[in-house]
Amino acid sequence: MPKAKLLAAIAGKNRGILATSVDRQAILAAIADLELRNPHPRPLTTAIDLLGGDWRLLYTSSQSLLGIDKFPLAKLGDIYQCIRPTASAVYNVAEVTSLIPGLNGLVAIVAKFTPVSEARVNVVFNRSLVGLQRLFDYSDPDRLITAIENGQKFTAIDLKIDRPGKEPAWLEVTYLDENLRISRGNEGSVFVLTK
């Protein structure tokens, strides 16, 4: 069972933080094997409802994302990618657990996507929010996204992301079923997520 093989390969790797180079090779091989069995090869046209929702990251090779874990006195908590197809929006939410009580943090990125094929979207990041979870009144990604969409102001670092002249990022869905998604990004990173 390729799916079980992949899940076993990423188990205990803390989303990739603890993966060795040998682990990463085995995980990439298991990912490639599962991608060959993709039940929804055209997710943007045939499974858009399945694609939508709040996805929790199980594994990534993205060093910029995993690098959040390297901040002093902080550990990377759950990471979510929340897709809202009807709004062409994607929200990346990373929970950061502080070793100092009461200082748990949150990093949220707001983006819009445009389909460019049946499996790939261009992504334009337009807002970044960084602050303490308690100042966001944070309990879960869905509630945070609702507050963002309703225009709520936060006591946080709230920056507009402006990248004039830069090519948009892209993300391709290479495997999708009812509870597992694999995506590959323009920087060569791979993402394994679950609902």
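**Exercise 1. Classify A156 by its exposure and find its partners in this predicted model.**

*Solution.* Start with the accessible area: A156 has a relative value of 26%. Buried requires under 20% and exposed over 50%, so a value in between is called partly exposed. A156 is therefore partly exposed.

Next, place A156 in the fold: the residue sits in the loop that runs between helix 7 and strand 6 (157-160).

Then look for partners beyond four places in sequence. A156 touches V130, G131 and F136. For G131, the C-alpha to C-alpha distance to A156 is 4.6 Å, although 25 residues separate the two in sequence.

**Exercise 2. Work out which residues of helix 7 are buried, and where they lie around the axis.**

*Solution.* Begin with the list: helix 7 covers residues 141-149, and its buried residues are P141, L144, I145, A147 and I148. These residues span an arc of only 160 degrees around the axis, which puts them on the same side of helix 7. The general rule helps here: an α-helix has 3.6 residues a turn, so residues three or four places apart point the same way.

Now ask what this side meets. The buried residues of helix 7 pack against strand 2 (74-84), strand 3 (89-98), strand 4 (105-115), strand 5 (120-132) and helix 6 (133-136).

Finish with the two ends. At the N-terminal end, D140 acts as the cap, with a side-chain oxygen 3.1 Å from the backbone nitrogen of D142. After helix 7 comes G151, which has a positive phi, near 80 degrees.

**Exercise 3. Describe the surroundings of S98 and of L193.**

*Solution.* Take S98 in strand 3 to begin with. Its relative accessible area is 15%, and S98 is buried. The side chain of S98 makes a polar contact with the backbone nitrogen of I100, at 2.9 Å. Farther along the sequence than four places, the contacts of S98 are L73, A74, L103 and N104.

Turn to L193 in strand 9. L193 is buried too, at 3% relative accessibility. Again setting aside neighbours within four places, L193 is in contact with W55, R56, L57, L58, Q81, N179, L180 and R181. A longer-range check uses S61: this residue is 132 residues from L193 in sequence, and the C-alpha atoms are 12 Å apart.

**Exercise 4. Characterise the largest pocket by volume, lining and chemistry.**

*Solution.* Volume comes first: the largest pocket holds about 920 Å³ of space. Its lining has 37 residues, and those nearest the centre are S62, Q81, N92, F125 and F191. Elements giving two or more residues to this lining include helix 5 (63-66), strand 7 (169-176), strand 8 (180-185) and strand 9 (190-194). Sorting the lining by type gives 25 nonpolar, seven polar and five charged residues.

**Exercise 5. Do the same for the second largest pocket.**

*Solution.* The volume is about 180 Å³. The lining consists of I68, F71, P72, A74, V96, G105, L106, V107, V130 and G131. Strand 4 and strand 5 are the elements that each provide two or more of these residues, and strand 4 gives the largest share, with three.

By type, this lining has eight nonpolar residues, two polar and no charged. To link back to the opening exercise, V130 and G131 belong to this lining and are also contacts of A156. Likewise, A74 lines this pocket and touches S98.

Note on methods. Residues are numbered from 1 along each chain as its sequence is written. This is a predicted model: local features need pLDDT of at least 70, side-chain atom pairs count only at pLDDT 80 or more; totals for chains, interfaces and linings use all residues. Side-chain values use heavy atoms; hydrogens and water are left out. Buried means under 20% relative accessible area, exposed over 50%, partly exposed in between (1.4 Å probe, protein chains only). Helices (H or I, at least four residues) and strands (E, at least two) are DSSP runs, numbered from the N terminus. The arc is that of the directions from the helix axis to the C-beta atoms. Contact means heavy atoms within 4.5 Å. A polar contact is a pair of N or O atoms within 3.5 Å; within protein, one must be able to donate a hydrogen and the other to accept it, and residues adjacent in sequence count only if both atoms are side-chain atoms. On a 1 Å grid over the protein atoms alone, a cavity is a set of points where a 1.4 Å probe fits but cannot get out, and a pocket is an open set with protein on both sides within 12 Å along at least five of seven lines; lining residues have an atom within 4 Å of a point. Grid points are joined across faces, edges and corners, and a volume is the space filled by probe spheres set on the points. Ala, Val, Leu, Ile, Met, Phe, Trp, Tyr, Cys and Pro count as nonpolar, Asp, Glu, Lys and Arg as charged, and the others, Gly among them, as polar.
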